[in-house]
Amino acid sequence: MKLHNKLAMFALLSTLALVGCSSDEEKDASLTDGSLNGVNGIGDASTSGLNGGSSFGGSGMNGGRYGARGANGLPPEFSDPNNPLSKRTIYFMLDSSQVQQDFIPVIAAHARYLLANPSQHIVLEGNGDERGSREYNIGLGEQRAKSVAGMLKAQGVSESQLSVVSYGEEKPVAMGHDEASWELNRRVELAY
Amino acid sequence: MNVFKKLVLASAIGLCFSPLSYAEMSIEITEGIESAMPIAIVPFASQGAPLDLSSVVSSDLARSGYFKPLSPQNMPSRPSTADAIRFAEWRGLGQNYIVIGRVQPNGGQYNIEFELFDVAKGESLLGYRMTSATADLRKTAHHISDLIYERLMGKKGVFSGRIAYITSTRQGPQSTHQLMVADADGANAKAVAISPEPLMSPAWSPDAARIAYVSFERKSAAIYTQTLASGQRERVAEFPGINGAPAWSPDGTKLAVTLSKDGSPDIYILDLGTRNVTKLTKNRAIDTEPTWSPDGRNIVFTSDRGGKPQLYVIPAQGGEERRITFSGSYNARASFSPDGKYITMVHGNGGDYRIGVMDVNSKSISVLTSGPLDESPSFAPNGSMVLYASRKGNTGYLSAVSVDGRMQQKLVFDSTEVREPAWSPK
C-alpha cells in the first residue's frame, strides 16, 4: 500500500537519523516516541519583562508527572521490526479520528503488553496536519488520541495506565507542506 | 501661523533590550492602492538625536498603503520652519501635504516639534510640540505618524501599537518556541516567553498590559496570563485535557477558554478573580476558539457539530446556540472588528484556507486573501486591516490586508517559523 510504503520509508529514515546521532540515547528515544518527559529536567518556560526585568514564572516544577517512566528498560520486542510493538505511531485520514483497519493489530499488541504490565503507563499524543485553524486541530488531535485510548480500554487496559495529550499541529514530524508530510503528521504516538 | 499644541509624552516605561538575538523583520508592501496620497516628509532638523524620526514617520505612512512619501533626494529644499516653506515648489512636485519638524536636545531628553501643511492652501493642519526620552524616540515617531494619519484619514492610526506572535525554530530534535512582542513595524522584537515545548494562542488583554497564552511546557496544556512589563505570570487553567484558546472579555475580568475536562472540548468562562469556571456549551462535538463580541454580550465560537467546522454564537450568559456561517465548507477561528460589525475568520473550501470577513448583519462573507494556508486573522485596533499568518513554500510570514482587500503588506522574517499574530488593542 502506498501509505504503508511511505510510512515504512519514514520509519527507516527516522531510524537512520537515530543511528546518525546516537551519542545521546535519551534524545534518540524522544525522536521515536516523544515520551521522554522530564528525563532531561525540562522546566517551565522562561519569561522576560519588557521593562528589562527577567523572571521565571510558575512554580519551577518540571514535567515530572510521567517523568519517572522514561524509555529506558523497554524490552527487546519494542525494537524488533517484526513485532507490532515496534510500531508506536497510528496514522489517520484527513479530518478523521477513526482508527484504520491496518492499525488495529498494532493497538491490540500494545493492549496485550499493557495488560501484562499493569504498572506500565503510556501517554497517547494526538497530532494533526497544519491545515485549518490551530485550536480546532488541538481538538482533532485529542479525538484521535481518545479513539486509540478507547480501543485500548475496550481490550481491558486500565484507565490509570493511560493519559492523553493533544499537540494539534504544533509538533509535526514531517516539515513539508504537502500531502506526503501531512499524512505523516496526522498521528497518535504511543509514548512509553 | 503656527498652531503648536503642547503634548508631553509620558516616558514612564523605557524599553530595555535583551541581549538575546532575534530574527530581523522587514515589511514589504505587496499590494498598494493607486490613489496613495503624495506627501513630503522633510527630514527633521535635528541636533544629534540618535534616531531619524522623519524617516520612521515616512515608512509608517508608506506602509499604511494610503500615502506615497516623496524621497528626500527629490526634495527641492529642506525647510524646518513654516516661514521657510515655498508652497509653490511643492505644488509643482504634485505634493498634497508637507510635514516639517525640529528635534532638539533638552537635558537627557529631546524636544520635538512638527507641523503638517496642506500644500494647495498653504495652510497648517496640525502641529505639536512634545518631549521624549532618548529611549522613546521611536515610540514618539510612531505617535507622530498616528497624529498625521488621524488628521488626514479621519481614523485612528495603528503605528503606536504592538503585535504579539509565536515563533518556532528547530535544531535537530530540539525545538524552541517563543512568544514575541514587537512594535507594529516589526522593530523592537523581544521574546517574552521561551519554551522547548509549544506555545500557542496569544491574546491581548483589553488594556494591552497582559497576554494570555497556552503553554505545553509541563507536557500538557495550561493557560497562563503574563504581565508584559514585569514578565510575571500566573497559571490560570490546567485541567485534565485541553486548556486552550483563551479570549479576554471586553472588561478584562474573564477569559473564555476551551476545556475538555468533561469529555469533548467545550467553551467555558473562567473568572480571573475567583478562578471559577462555568460551562457554556455542552456539545459532544469539538467546540473551541471562543471570541467575545465587543459589547461583551455574545460569544462566537467554532464547532463541528454539523460535520465540518462552522461558526456559532451563544449569549455570554448562556442560552441558545445559533449557527452563523453558511457559505464555505470550513469557517473557524473567528475574531470581531472593534466596532462589532464584522467578523474575520479562516474560510476554507476544499483544502484551501483563506481569510474571510463576514458582515454580521447580512452574513455575507468576502474573501480577502489568496490562501492556500492562511490562518489566525485578527483586526487592527482601528478596524482598517486584518493581520494573519500565511506561508509561501517553506517560509511562514505574517501579513496584513485592508478590509476592502485592496492593500496588502507582508512582514518578512529571517528563517523562522512565525505564526499566530495578534495586534494589541491599544
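Helices and strands here are DSSP runs, numbered from the N terminus, with at least four residues for a helix and at least two for a strand. The structure is a predicted model.

**View 1. Chain A at a glance: helices and strands along the sequence.** Chain A comes with five helices and six strands. Walk along the sequence and you meet them in the order α-α-β-β-β-α-β-α-β-α-β. Of the 192 residues in this chain, 41% are buried. Look at the contacts in chain A with a separation of 6 or more, and 66% of them turn out to link residues 24 or more positions apart.

**View 2. Helix H4 of chain A, residues 134–154.** How far apart are the end C-alpha atoms of this 21-residue helix? They sit 30 Å apart, which agrees with the 30 Å that 21 residues should span at 1.5 Å a residue. As for its surroundings, 16 of the 21 residues of H4(A) are buried, so the helix is largely enclosed by the rest of the structure. Just past H4(A), look for Gly156(A), which takes a positive phi of about 100°.

**View 3. Strand S6 of chain A, residues 187–191, covered on both faces.** Five of the five residues in this strand are buried, so S6(A) is largely enclosed by the rest of the structure. In a regular strand, side chains alternate between the two faces of the sheet. On one side of S6(A) you'll find Arg187(A), Glu189(A) and Ala191(A), and on the other Val188(A) and Leu190(A), all of them buried.

**View 4. The strands that pair with S6(A).** Which strands are these? One of them is S3(A), residues 89–91, which pairs with S6(A) in the antiparallel sense over three bridges. To get your bearings there, find Ile90(A), which stands opposite Val188(A). Strand S4(A), residues 122–127, also runs antiparallel to S6(A), and four bridges join the two. Here the pair to look for is Leu124(A) opposite Leu190(A).

**View 5. Helix H1 of chain B, residues 53–64.** Now over to chain B, where this helix of 12 residues reaches 17 Å from its first C-alpha to its last, close to the 16 Å expected at 1.5 Å a residue. Is H1(B) mostly enclosed or open? Nine of its 12 residues are buried, so H1(B) is largely enclosed by the rest of the structure. Among the buried ones are Leu53(B), Val56(B), Val57(B) and Leu61(B), and the list also includes Asp60(B) and Arg63(B). Just after the helix comes Gly65(B), with a positive phi of about 85°.

Conventions
Residues are numbered from 1 along each chain as its sequence is written. Chains are lettered from A and ligands numbered from 1 in the order in which they are written. This is a predicted model: local features need pLDDT of at least 70, side-chain atom pairs count only at pLDDT 80 or more; totals for chains, interfaces and linings use all residues. The expected span of a helix is 1.5 Å times one less than its number of residues. A residue is buried if 20 or more other C-beta atoms lie within 10 Å of its own, exposed if 12 or fewer, and partly exposed in between; C-beta atoms are placed from the backbone. Two residues are in contact if their C-beta atoms, placed from the backbone, lie within 7 Å. Two strands pair if DSSP finds at least two bridges between them.
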